[in-house]
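The report that follows describes selected strand pairings, helix packing and backbone details of one protein model. It is meant to be read beside the sequence and the coordinates.

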Amino acid sequence: MKHHPTRRLVACRLAAGTLVISITTAFAADLTHLRCEYLDNPLGIDVARPRLSWVIADPTSAISNLKSPLPRGQMQTAYQVLVASSPELLAKDQGDWWDSGKVASDQSTQVEYAGKPLESRTPCHWKARVWLNDGKATEWSAPASWSMGLLTPTDWQAKWIGLDLKDASADPQDAEKRRLPARYLRREFVAEKKVRRAMAYVCGLGCFDLHINGRKVGDHVMDPVLTEYHKRASYVAFDVTQNIVQGNNAVGVILGNGRFFAPRLNNPAPYKDYGAPMLIAQFEVEYEDGTSARWLSDGQWRATADGPIVANNEYDGEEYDARKEMPGWDAVPFDDSKWREVGVVDGPKGKLVAQMVEPNRVVEVLKPVALAEPQPGVWIVDFGQAFYGQVRIKVSGQAGTKVSMTAAYSLKSDGTLKTADNRNANCTDVYILRGQGEETWCPVLKGQGLRRIQITGWPGQPTAAQFEGLVVSTDMAKVGTFECSNALISRIHRNIFWGARMYKRHGVPLDPDRDERQGWLGDPAKDAESDAFNYNVAAFYAKWLGDIRLDQRADGSIGDISPNFWDWGNGVLWPSVVTIIPEWLYDFYGDRRALEDNYAAIRKWMLFHQSRLEPDFTVSQDNYGDWCDASTMDQGGKAMGNTAMPLLSTAYYFNNCRIAARLANLLGKPDDEKLFVALGGKVKDGFNRKFLDPASGTYAGDTQCAYVLALKFGLVPPQLREAVVARLIDNILVKNQGHLTVGLIGMQWLMQTLTEIGRPDVGYTIATQTTRPSWGYMMSKDATTIWERWDCDTQGGGMNSEALLILSGNLDAWFYQTLAGINYDPAQPGFKHLIIKPRPLGDLTWARAHHDSWFGRVASSWKLEHGELTMDVTIPVNTTATVYVPAKDAAAVTESGQPAAQADGVRFLRMESGAAVYELGSGQYGFKADK
């Protein structure tokens with residue numbers, strides 16, 4: 001890439017209260033992170049008008065290839081996008097699909113493709129350039145790409161194929177534990193000429209591995225993402241150009257059960273079952289001479305269920321008999337005469353759609369930290385942290401030796417594995433040796449939440465070097481870091497970070513263990529914000545919202561799980577993700593399409609619940625309360641919490657009215673806006689009449705959750721706000737000695753509410769507790785993620801996971817937003833305008849964080865030393881920021897060694913609550929102030 005060599009000084013001036021930058025010559029900017037539909041170079045998408053984004057990187061930032069800094073206050077004034085059918089045309093600056101021309105706009109995210117209609121299989125190569133304040137264009141970005149998938153049902157010429165269920169069986173000890181071996185399918189094809197390009201479009205249900213010519217294609221784990229298969233099924237596109245050779249080729253597929261062949265039928269809940277695993281695969285081969293060929297799944301494929309994976313079930317484990325291996329089954333030549341002919345079968349009822357989310361991958365490999373033998377022949381391997389994934393072993397022994405490995409988190413008092421929390425799930429993998437030297441193996445068709453494995457049957461004495469923990473997660477880009485001087489808080493952040501990646505799998509937020517692993521709607525909601533400061537979750541949550549929309553019932557109600565493999569529930573609390581997450585996607589990512597796609601479902605759902613309101617406009621009941629709040633400690637299976645469900649549901653319905661009204665306004669639907677504003681007013685009045693004692697400022701039950709929701713959602717009458725705030729603070733500091741009491745619902749809003757009411761110090765008191773209930777208590781018990789219950793260590797077992805989102809809520813976002821001070825501004829969404837407002841609290845002496853937004857890296861760090869505060873901030877190009885510098889006196893604040901009010905690109909606004917407030921343009925700034 002070429003860059004401008006010329007650098008000159010710039011002059012900054014303030015005019016009419018607006019930051020104005022005068023540029024005398026061009027400065028180089030580096031366009032990076034070109035993405036299509038939030039993804040890097042995606043293959044086989046099915047969005048007709050994909051959205052494109054780029055980052056204008058300051059040359060000194062961590063995401064740039066350049067070195068010399070840009071002047072402060074840089075904004076994009078125009079852009080040009082080229083989209084071409086070949087890299088050769090693009091290199092000549094020709095966009096035969098789309099040349100946007102110079103578009104006067106500061107938009108650098110969510111730029112919608114507006115070129116020629118794109119047909120199935122179309123390859124698209126693109127690049128962009130922009131104009132900044134100096135009026136001159138940057139160099140073109142490095143090229144990026146995407147390709148279109150199979151856009152219409154008629155594009156699919158392949159057939160669904162599979163084997164029947166005659167080999168299905170049940171565990172003799174429990175008929176609910178269904179067993180089925182993996183299916184191995186193969187077909188040989190001839191590439192008659194030299195291949196220029198070849199694409200594979202594959203959907204194997206429940207999950208699959210694709211092999212060509214003796215090798216697995218790609219590094220995905222357990223494709224495709226989970227969906228309700230009678231509503232939609234996702235195909236995965238692979239570029240297999242390098243896998244295919246001229247002449248004979250073999251294609252092989254391993255089919256696993258996933259959730260297609262249901263792991264249970266009735267226990268612990270009725271489970272949707274779709275039958276035997278099945279496959280559809282279509283290969284589009286283009287030869288260098290311009291001709292093409294199409295290889296299809298059809299009745300000519302061969303298959304066997306008599307391979308080495310003799311059983312696979314995500315609840316119970318994978319069993320592998322290495323003596324049954326079939327060397328070369330996915331290569332040529334291979335004798336498959338003893339295999340069966342596949343059947344052409346009726347596929348699932350759902351539409352085939354592109355997998356528009358990052359796949360599962362192995363994102364980290366863990367080494368054991370301890371190996372113990374609590375009983376003769378029983379070995380415990382401890383990987384030192386909880387994770388979701390698989391265990392890879394290296395073992396030598398006699399043929400037929402059977403090694404069993406059971407996974408869980410904790411130990412019993414005798415040092416053996418505590419399996420009670422697995423409930424009905426066996427969570428046991430079995431490997432039977434072939435007896436030919438060192439053998440390496442790991443499961444491929446299942447994963448498991450675990451920290452430890454318990455081994456029996458191991459030949460000889462194992463060593464730690466023979467085990468690896470393969471961490472499997474949706475492979476979302478890491479976009480944030482946080483750390484501070486308080487070691488406990490830094491460790492809590494680390495545990496949340498680890499726990500979040502356990503939860504992000506198969507395109508659904510899933511609990512990682514026991515006999516559930518469902519997409520519970522109650523768990524994410526506002527927690528998604530914590531996820532997003534750490535990972536790029538935009539495509540992930542957009543996909544999951546699509547599942548929820550499809551699962552919405554005809555009457556407008558929404559259940560508690562999506563994809564709804566278990567179909568139950570019709571309340572308000574947990575399905576409120578249907579309003580909360582679309583609004584949040586708009587605020588955090590600037591994603592207007594999230595509003596457009598989900599609004600009809602939101603409106604229908606809101607009207608369903610309107611019809612069920614009580615005469616006083618409250619909601620009478622719900623399925624869950626403030627799940628697993630502190631009142632449930634030491635209460636066995638009790639989990640509903642201590643806050644009245646009608647109060648919770650009515651508060652949530654009011655908040656949903658607020659969101660629906662805002663979305664209607666943003667989408668230009670004034671009649672709907674009036675409807676939801678009026679409805680919200682009636683619900684608010686009903687809420688306060690029923691649940692508020694105006695004489696004392698007490699909400700029913702006097703619980704922290706009740707006060708938090710009333711304050712956060714704007715339900716408290718203005719004249720009683722101080723009284724309600726006082727009640728909440730008294731409940732925390734006096735009644736509960738600085739501890740929280742909230743569960744799943746209250747935890748999503750507690751910490752941000754404390755900051756918003758001016759008491760972040762109380763949040764810090766909560767965050768640094770080490771006695772129960774607290775995150776510090778979990779850490780003292782060697783937790784490496786966040787528990788499902790405050791009393792996980794004393795629970796006997798059952799609903800007692802050591803890795804859920806329930807009790808972390810939106811805590812990690814609070815670390816970024818309140819301690820480090822990085823905030824987005826909903827008035828200018830997607831981090832177009834930033835609010836940097838750190839709070840030095842308690843014993844903190846420093847904090848630092850960064851977040852790679854869609855405009856670039858936002859960074860904030862501060863340090864207190866000898867009464868002086870040093871604060872450094874980075875504001876991305878094409879954004880502005882309001883920055884709060886903690887200070888006694890604005891006159892004593894300096895930036896880059898000079899009075900801040902005189903610094904380039906800095907405009908003083910006001911003093912507010914112990915901070916000097918400035919308006920900044922892009923750039924890097926260093927402030928100092930007396931604190």
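## Strand 20 and its partners

Strand 15 (residues 195-205) and strand 20 are paired in the antiparallel sense through ten bridges. The model is a predicted one, and the description below should be read with that in mind. Within this pairing, Val195 stands opposite Tyr287 of strand 20.

Strand 20, which spans residues 278-287, is mostly covered, with nine of its ten residues buried. Strand 11 (residues 161-162) also pairs with strand 20, in the antiparallel sense and over two bridges, and there Ile161 has Leu279 as its bridge partner in strand 20. A further antiparallel pairing, over five bridges, links strand 20 to strand 21 (residues 292-296), where Val285 stands opposite Ala293 of strand 21. Strand 20 and strand 21 form a hairpin with four residues between them, and Gly290 in the turn has a positive phi of about 95°.

The antiparallel pairings of strand 20, together with one from each of two other regions treated below, are collected here.

| Strand pair | Bridges | Residues opposite each other |
|---|---|---|
| Strand 15 and strand 20 | ten bridges | Val195 and Tyr287 |
| Strand 11 and strand 20 | two bridges | Ile161 and Leu279 |
| Strand 20 and strand 21 | five bridges | Val285 and Ala293 |
| Strand 36 and strand 43 | five bridges | Gly480 and His851 |
| Strand 4 and strand 8 | two bridges | Arg51 and Glu112 |

## Two other strand regions

Strand 36 (residues 480-484) has side chains that alternate along its length: Gly480, Phe482 and Cys484 point to one face and are buried, whereas Thr481 and Glu483 point to the other face and are not buried. Strand 36 runs antiparallel to strand 43 (residues 846-853), and five bridges join the two. Gly480, one of the buried residues of strand 36, has His851 as its bridge partner in strand 43.

An open sheet is formed by three strands in the order 3-4-8, with antiparallel pairing. Strand 3 (30-36) and strand 8 (111-112) are the edge strands, because each of them pairs on one side only. Strand 4 (residues 51-57) pairs with strand 8 over two bridges, and Arg51 stands opposite Glu112 of strand 8.

## Helix packing

Two packed helices are described by the angle between their axes and the distance between the axes. For helix 7 (residues 645-666) and helix 8 (residues 670-691), the axes come within 8 Å and cross at roughly 160°. Angles over 145 degrees count as roughly antiparallel, so helix 7 is roughly antiparallel to helix 8. The crossing of helix 7 past helix 8 is left-handed. On the side of helix 7 the contact involves, among others, Leu647, Tyr653, Phe654 and Cys657, while the residues contributed by helix 8 include Phe676, Val677, Phe687 and Phe691. By class, this contact of helix 7 with helix 8 has 15 nonpolar, three polar and three charged residues.

Helix 13 (residues 760-767) is mostly covered, since six of its eight residues are buried. The buried residues are Pro760, Val762, Gly763, Tyr764, Ile766 and Ala767. These buried residues of helix 13 pack against helix 2 (487-503), helix 10 (721-735), helix 12 (750-756), helix 14 (775-780) and helix 15 (811-820).

## Backbone details in loops

A cis peptide bond with omega of about 0° joins Leu205 and Gly206, and Gly206 lies in the loop between strand 15 and strand 16 (207-212). Another cis peptide bond joins Val332 and Pro333, with omega of about -5°; Pro333 lies in the loop between strand 24 (317-321) and strand 25 (340-341).

Positive phi values also occur outside glycine. Arg514, although not a glycine, has a positive phi of about 50°, and its place is in the loop between strand 38 (508-509) and helix 3 (528-534). Ser913, likewise a residue other than glycine, has a positive phi near 50° and lies in the loop between strand 49 (906-912) and strand 50 (915-920). Is Arg514 buried or exposed? With a relative accessible area of 3%, Arg514 is buried, whereas Ser913, with a relative accessible area of 77%, is exposed.

Methods:
Residues numbered from 1 in each chain as written. Predicted model: local features only at pLDDT ≥ 70, side-chain atom pairs only at ≥ 80, totals over all residues. Heavy atoms only, no water. Axes fitted to C-alpha atoms, helices over the stretch in contact; angles between N-to-C directions. Parallel < 35°, antiparallel > 145°, perpendicular 65-115°, else oblique. Left-handed = near helix turned anticlockwise from the far one by under 90°. Contact = heavy atoms within 4.5 Å. Nonpolar A, V, L, I, M, F, W, Y, C, P; charged D, E, K, R; others polar. Buried < 20%, exposed > 50% of the residue type's maximum accessible area, 1.4 Å probe, protein only.
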